Each structure stands twice: as C-alpha cells, then as structure tokens.
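Visitor: I would like a close look at one part of this model, with the rest of the chain as background. Please keep to what can be read from the atoms.

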Amino acid sequence: MTNYKNFKVETGADGIAVVTWNMPDKSMNVLTEKVLTELDKIIDQVVADAAIKGAVITSGKDTFSGGADLTMMQEMLARFKKEQKQDADKAVQNLFDNVGRMTGLYRKLETCGKPWVSAINGTCMGGALELSLACHGRVVSDAEGVKLALPEVKVGLFPGAGGTQRVPRLVNQQDALQMMTTGSSLTAARAKGMGLVHEVAPAKKLVETAKKMIRNGLKPVQPWDEKGFKLPGGAIYSAAGANLWPAATAILRRETSGNYPAALTILKCVYEGLLVPFDTGLKIEQRYFTHILQTTEAQSMIRSLFVSLQELNKGARRPEGIKPTKFKKIGVIGAGFMGAGIAYVTAKAGIPVVLIDRNLEAAEKGKAHSADLIAKEMQKGRMTAEDKDKLLALITPSADYAALDGADLVIEAVFEDRGVKQAATEQAEAVLGQNAIFASNTSTLPITGLAKVSQRPKNFIGLHFFSPVDKMMLVEVIMGKKTGEKALATALDYVRAIKKTPIVVNDTRGFYVNRCVLRYMSEAYNMLVEGVPPAMIENAAKMAGMPVGPLALNDETAIDLSQKILKATLADLGDKAVDPRHVELVNTLVDKYDRLGRKNGKGFYDYPARPAKKHLWPELSTLYPQQDADKVDVEVLKERFLVTIALEAARVMEEGIVTDPREADVGSILAFGFAPYTGGTLSYIDGMGAKAFVKLAKKLQKDYGAQFKAPKLLTDMAESGETFYQRFNPYKAADKAA
Ligand code: NAD
C-alpha cells in the first residue's frame, strides 16, 4: 500500500477504494502541486490493482474543498515572467503546459477504465468541483449549508480544468453560463435539479450511496465519450441556441460593461467548445486560460480579492506578541441605526452584547432590529428558530451604563456630536476595567480629538463600520495618536470574530474610505455643473465598474449630510477648501427643494411607491444648461471617476494614513466597490503603470481642474518606474528574512 500525505486510500472487501482527501496542515483541502501529484499516483494505483473495481473520492474535513490554491497560480505566473525574459515563446508554451496539468489529470481519471464517484460531503468549489465533474458519478450530502460553485470569475479567472466543457455537456447551456459567469453557489437540491449531480444523500449514508452506484454497475465512461452523445437542451445551432446566444452576450455586456475578460471568455469557451469534440474543447479552454491568466485583471483580482483579503482576515496587521482576546462581553453605546447593526453582528458571532441607549425603550428598539434581520434570514432559510432564540438571548438592552461592567470592548455609536460622545466616553470609563478598550464608530471626527477626554487614550481606538452593518464586510480601524498596540490587537481580534475584514488607518478627516467616496461624489457634482446629462453621469460610473452611480450613492448617504460636511469643511479649513459651485448645488437641493436623498423619498432620484422603480429627478437636468449627450465622451467620464478616486488613495498613501497597499486596495473594493476588475485603487494605478497614470491625470487636470493634480509621490514613482507594491512592499520583512 502506498502512503500519501494528503490522501488516505482504503480498499474494502467489496473492492471499492475509498480515497479520503484530508490535508494535514490545512483547515480546508485545496489543490496544490503536491495534491495533484498524489492524485495522479492514486489513479495509477486504482488502475493497476486488479482487486480494485472502482473508487470513491471524499473529504476527511467538514468541507470537500475550496478549490485550487491560487498562490499556485501566482507562482506559475512568477515563473512565466522570469522565463519570458529569456525566451518568450518557450515561456508561453511552459505556461500552457502547466495550465493544462489539472485538465490532463482529470481527463486521465475519467478515461482510466474504472468508475469513480465523488462523494461531496461539504462545500465544493472551483477546481474541486471540476474534479468531481470528471468523476462518473456525483453524490452530494444533504447537510445544511453544502454549496457547489465555480467561483473563479470572481477573481478574474474562469473554470479552466474542464469546467467550461463538462458543465454545458451535463446541464442546459443557459444554466451553465449563468452558473459560471456569476460564480454563484448552488445548493445540493438545485445541483441535482439541474442535472449536475446524480444523487443527494444523507450525510451519514454518503459514502455508502457512492459505493452503491459502483456496485450497481456505474459505467466508467462519461456521456460525452459515448457514441451518439447529444447536448442537453440542444446544440449551439438549434432553435434553443438561437434564442440563447444573442441574449447571453447582451446580458453579459449589461452586467460587466466589458470590464471582465474572463467572464466573456466563458462564453467563448462554451460556444466554441460545444461545436467540436470534447478533447478539442478542452484544448480551446486551455488556450483561453493561458491567455486570461496573463491579463492585468486576473493578476490584480487574484492578489486583492484572494491573497490580500485572506492575509488581512488572518491578521496581517496585528501586532505580534499580544495574547488574542477571547471576548466575554461587548458593550455597544447608542442603539440607533449603526449601534443596532453592530449589536446584531456581535451576537451573531456568539458574543454577549450589552446594548445601551438613553432609555430602555430606545435600547429595546435597537434589539428589535436584530429580530427583524433574523426574520428575513429565516424567510430565506438561512436561520432557524433555534438560531433566533440563541442570538436574541445574547443581546441585553439597557439604559444603565453600569451594565457595561466587565466588558472587554465597548463600541460607541451615539450621535455624531463631540459633546454627546464625550459624555458617553466618560460614563463608560467610569464603570469599565483598566484594560477595557473603548472604540468610537465616528465617521467624521478625528479619533485623536475624541480621545482627549479619555482617561486612557492608549485604550481608545476607532472602529468605523459601514452601513448596513450586517452586509458591509469592511471595518476601518483608526489609530489615534496615542492609541496603543493592545487596543489595535483587541480591535483586530474583534473584527476577526465577527468575520469582517479590517484595514488599519491612521487618523485624519474622513479617514481613508470617506475621503475617496467624497471625491467620487464631488466629481459627479462637477459633471452636473458642467451640464453633463445626469443619466450619463450615472451610466458612465457603472460602465467604469462602480456598483452604484455617484448620485444614487449620495442619495443613500443623504444630501443634507453632504451639506453638513461641506459646511464643517468650510468652517474648519476655510473658503478655498470647497468649491462654491458644489455648495450652491447642495444648498439648492436641500434648502430650496427639500431633496435630502432616499430617506425622504426625494434626492437626485425620485422614489415612487413600490413596485415602481426609482428614477432620476426630471428637474435635475433643468438646474444647469445641458450639453449635447452625443458630444460628451463617455470614456473620459469613466476615467474621471476612477482617476479622481485613485489619486485620493495615492494622497492617503503619501500622507501615511494608509501604509499597506493591500489595505488600500481591499478596502476600496469592500467599502465602495471600486471597479473590482482593477484589483482596487492602487492596483488600478499599478496596472497601467505610474507613468501612464500621471500622464492621464495631467491631461484631466488641464481639461477639468486641480482635483486631478498628481501628488509628488506619484510623479516620483512615474520617474522611477516603481509600483505601490514595490515602494510600500508589504512583504519586506518576510523577504528580508527569507
Ligand atoms: P442614530 O441617530 O441612528 O443613532 C444614535 C443613537 O445614539 C440614538 O439611538 C440615540 O438615542 C443614542 N444616543 C444618543 N446619545 C446617547 C447617550 N449619551 N447614551 C446612549 N445613547 C445615546 O445615528 P447613527 O446613524 O447610528 O450614527 C451613530 C454613529 O455612527 C455616528 O457617530 C455616525 O457618524 C457613525 N456612523 C454612521 C454611519 C451611517 O451610515 N449612518 C456610518 C458610519 C458611522
């Protein structure tokens, strides 16, 4: 018997080998070079051993597998770039061969002559689902929460280990395209309904059911290798195909504005691959994958949305040598819009919360928000009555600050008013232990100033959540001048406990995220004032890859809040700090027309009663003389949005507010959806190179104003040819040690 590191192979008296995938040094199985090598040997073993009739592959962990380890792709690319300098053709050939390794291995498995069944015991993603698709049978556990997905498109890639060929040969093309271009997850029942898997079985009977398929004579031949195979739902050139394909390309264009090359390539692989024999289809997929892997989009997305995101989630910025905090109790002061949400996510993480407001009624109202959110989750089948009781029991509403006694961390979310915040700080500190950490959720007031009233400024930190708290995955952790490392470590432990992503930011007006968001809205104001038709403004932003147009976003955050911010900036920084045309626009909307945003149903948009949809306020285009839409260059509008935000991110780096490019990138995508295909604000600049970016900014500065002036940091980088990830290398310490 051969010993494997990542698999256990046990053959019973029935002659069926059970291959259990269980990587000893990982919490989740992933496909690595070593795993592929071992799998290759296992296939040989199954084929060579006459006593083995067939094999069942399953996992020894809760989940089946998360798919390919994307750092493997990064290594492949790094090798490619090195080789490219010596011999470009050979480098591409090597990359092509490497890319095809998984494809070849899976093809070997499905043509090995013995039946294989994948017993999918838990969530199964990407390359692992492609492995399962290469098996002759698939059984999925009916356990709650089991998900199947090909999510590669979310990191700028596509299923490149046979996925684009096997899925549309198993299910109809429309379902196949939808599954792969959105990367969305399927439940076991849905996967069975579509025809992607053969059986759904109780968790305890999973392997037995898989074995039974083999005992019942499962043919070791895939449908597409049988003579006379027909595509489910019809061929490309059929009535169904004629209905599907023109619409499919149009829908993709609408959803992606052509920004995601991998998504388009999925369509190409399926369309072209279904016109040819299966093995040729695999070659087509392999060629496209080799190409896509080299795109800036794929490289930037893998870095930000997979590697950096994981690193930040695992505490890349946590100071060393401080014991992790096990939270026994957390206090939230202010049970309003934000505080209620913070209490919910904390209790959802299983941590007891004391929710304080000015009176018990207000505190209870805050708790009721959790009940509402749970009811919605229950409707979607994502929570049970038991979860509800458990979660609600963890939230104690109170009007008495004494209830905060014993809390490890208190988060203040009272009115955005220095005096009110001071009172909350003092009352909390009067009952808190010396080591407790106090965090403010302020969105505009610098932490250093707020910490002045604290008896223990070392323990005072900012925890800036985004609304709605239950949905938004980012938390900005703000360091005041005197904030200590223990406070930072505790804050990061908390963000990790509630399964959100932290970025650590130094103290400044607007911190990082809001500075960028204000630039986005401010550029939209400029366009309005110039007479760009409002619909063009919104559409150009979406075509640039932003999820929400700047005017719609401003309606969500409230236009009177923008007015307040403009007034405060004027008062604090003087006349030059704001554009008088912006003040006039906002004053007109708020004071003259009472247009405050979504909250009063009147903003840049009108919000008619449901089911009618919101639409731009028709009068908006009468406020300024309108330009002829045909004469406005939409490409320039797109550039203006992305460049103005990226410039602000560069300024924030120059000022040392954000110090790690991973945080600027990940933060920009999670907080305001900065064109994800770019990999984030700084990767957008790195992607085109500082030189090209500065050239573009200069052109925009000449045509549209000083907001496009590139900071010195960027002009220096343009000269030296550096990228942000070189200049602010987050791995410097590790590189030195290596
Ligand atoms: P809100 O008005 O909905 O809630 C504030 C709550 O604090 C109210 O329930 C109020 O009764 C309570 N409160 C006031 N004084 C108190 C005191 N002394 N003790 C106990 N409770 C008191 O406001 P909100 O939108 O939840 O904002 C709260 C904080 O979060 C502000 O600092 C705001 O800047 C920040 N913030 C808001 C958003 C947002 O989108 N609304 C986003 C990020 C941060």
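Visitor: Of the 738 residues of the chain, what percentage count as buried? After that, please go through the open sheet strand by strand.

Guide: Of the 738 residues, 54% count as buried, where buried means under 20% relative accessible area, exposed means over 50%, and partly exposed lies in between, for a 1.4 Å probe and protein chains only. The model is predicted, with local features needing pLDDT of at least 70 and side-chain atom pairs pLDDT 80 or more, while totals for chains, interfaces and linings use all residues. Residues are numbered from 1 along each chain as its sequence is written, and side-chain values use heavy atoms, leaving out hydrogens and water.

First, the background. The chain has 30 helices and 19 strands, counted as DSSP runs from the N terminus, with helices being H or I of at least four residues and strands E of at least two. Its radius of gyration is 28 Å, close to the 27 Å from the globule rule for 738 residues, so the chain is as compact as a globular protein of that length. That radius is taken over C-alpha atoms, and the rule is 2.2 Å times the number of residues to the power 0.38. The C-alpha trace spans about 85 × 65 × 60 Å along its principal axes. The accessible surface comes to about 32600 Å², with 53% of it belonging to carbon and sulfur atoms; the areas come from the Shrake-Rupley method with a 1.4 Å probe, and for residues only the protein chains shown count as cover. Among contacts between residues at least 6 apart in sequence, 73% join residues at least 24 apart, a contact being heavy atoms within 4.5 Å.

Now the sheet. It is open and built from 6 strands in the order S1-S2-S3-S4-S6-S9, with mixed pairing; two strands pair if DSSP finds at least two bridges between them. Its edges are S1 (7-11) and S9 (199-201), each of which pairs on one side only. Neighbouring strands are turned by 20 degrees against each other on average, direction ignored.

Start at the S1 edge. S1 and S2 pair in the antiparallel sense over 5 bridges, and Glu 10 stands opposite Val 18 in S2. The hairpin they form has 4 residues between the strands, and Gly 15 in this hairpin takes a positive phi near 80 degrees. One step further in, S2 (residues 16-21) runs parallel to S3 (residues 54-59), and 6 bridges join the two. Thr 20 has Thr 58 in S3 as its bridge partner.

Helix H1 (residues 33-48) lies across S1, S2, S3 and S4 (116-120), and runs at about 10 degrees to S1. Such angles run from 0 to 180 degrees between N-to-C directions, with axes fitted to C-alpha atoms, for helices over the stretch in contact.

For comparison, consider a helix pair elsewhere in the chain. H12 (residues 296-313) and H25 (residues 661-672) pack at about 110 degrees with their axes 10 Å apart. That makes H12 roughly perpendicular to H25, given that 65 to 115 degrees counts as roughly perpendicular, under 35 as roughly parallel, over 145 as roughly antiparallel and the rest as oblique. Residues that meet across this pair include Leu 305 and Leu 309 in H12, and Val 666 and Ile 669 in H25.

Some backbone details remain. Most residues other than glycine have a negative phi, and most peptide bonds are trans. Lys 499 has a phi near 60 degrees; this residue lies in the loop between H18 (485-497) and S17 (501-506) and is exposed, with a relative accessible area of 67%. Phe 511 has a phi near 50 degrees and sits in the loop between S17 and H19 (513-530), but counts as buried at 0% relative accessibility. A cis peptide bond joins Ser 467 and Pro 468, with omega about -5 degrees, and Pro 468 is in the loop between S15 (460-464) and S16 (474-479). Another cis bond joins Arg 610 and Pro 611, with omega about 5 degrees; Pro 611 is in the loop between S18 (605-606) and S19 (615-616).
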